[in-house]
Amino acid sequence: LWQGQHLLSLSLSGDINFLDKNNASKPVRVVRGHTKPIMSLAAKDRTIFTGDVSGRVCAWSADTGSAEPIQG
């Protein structure tokens with residue numbers, strides 16, 4: 001997926017890697033998320049919530065792309 005000047009890839013560990021089109025050998029940025037398949041998604045304001053099959057829920061910032069697990 002192209003996002004601006006970066007190519008985004010999704011690793012099997014659930015990380016989203018931002019690759020520079022001129023040097024793809026090392027990610028410019030890595031966004032960490034789920035390691036299990038995501039089964040649910042919801043959004044409120046500028047936050048996106050995702051839940052995986054293990055019950056882990058993460059809150060994602062639409063502004064920064066960073067995720068924080070929600071403790072239950």
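**View 1. Aspartate 45 is exposed, with a relative accessible area of 73%.** The value lies above the cut-off, since exposed means over 50% relative accessible area. In this predicted model, aspartate 45 sits in the loop that links β5 and β6. The strands on either side of this loop are β5, residues 38–44, and β6, residues 47–52. The backbone of aspartate 45 has a positive phi of about 55 degrees, although the residue is not a glycine. Most residues other than glycine have a negative phi.

**View 2. Asparagine 17 is part of strand β3.** The strand covers residues 16–20. Asparagine 17 has a relative accessible area of 13% and is therefore classed as buried. The cut-off for this class is under 20%. Leaving aside residues up to four places away in sequence, asparagine 17 touches Leu7, Leu8, Ser9, Ser11, Pro27, Arg29 and Val30. Strand β2 covers residues 6–10 and strand β4 covers residues 29–31.

**View 3. The largest pocket holds about 570 Å³ of space.** Its lining is made up of 26 residues. Those nearest the centre of the pocket are Leu8, Ile16, Val31, Trp60 and Gly65. At least two lining residues come from each of β2, β3, β4, β5, β6 and β7. Strand β7 covers residues 57–61. The strand that gives the most to the lining is β2, with three residues.

**View 4. The protein chain has eight strands and zero helices.** From the N terminus on, the order of elements is β-β-β-β-β-β-β-β. The C-alpha trace spans about 40 × 25 × 15 Å along its principal axes. Of the contacts between residues at least 6 apart in sequence, 9% join residues at least 24 apart.

**View 5. The surface of the protein chain exposes about 5,300 Å².** Carbon and sulfur atoms supply 57% of this exposed area. Of the 72 residues in the protein chain, 22% are buried. Asparagine 17, shown in View 2, is buried, whereas aspartate 45, shown in View 1, is exposed. The protein chain carries 8 positive and 6 negative charges, and the mean positions of the two sets are 3 Å apart.

Definitions and conventions:
Residues numbered from 1 in each chain as written. Predicted model: local features only at pLDDT ≥ 70, side-chain atom pairs only at ≥ 80, totals over all residues. Heavy atoms only, no water. Helix = DSSP H or I, 4+ residues; strand = E, 2+ residues; numbered from the N terminus. Buried < 20%, exposed > 50% of the residue type's maximum accessible area, 1.4 Å probe, protein only. Contact = heavy atoms within 4.5 Å. Areas by Shrake-Rupley, 256 points an atom, 1.4 Å probe, with all protein chains shown as cover. Lys, Arg positive; Asp, Glu negative; His and termini not counted. Charge placed at Lys NZ, Arg CZ, Asp CG, Glu CD. 1 Å grid on protein atoms, 1.4 Å probe; cavity = no way out; pocket = protein on both sides within 12 Å on 5 of 7 lines; lining within 4 Å. Points joined across faces, edges and corners; volume = space filled by probe spheres on them.
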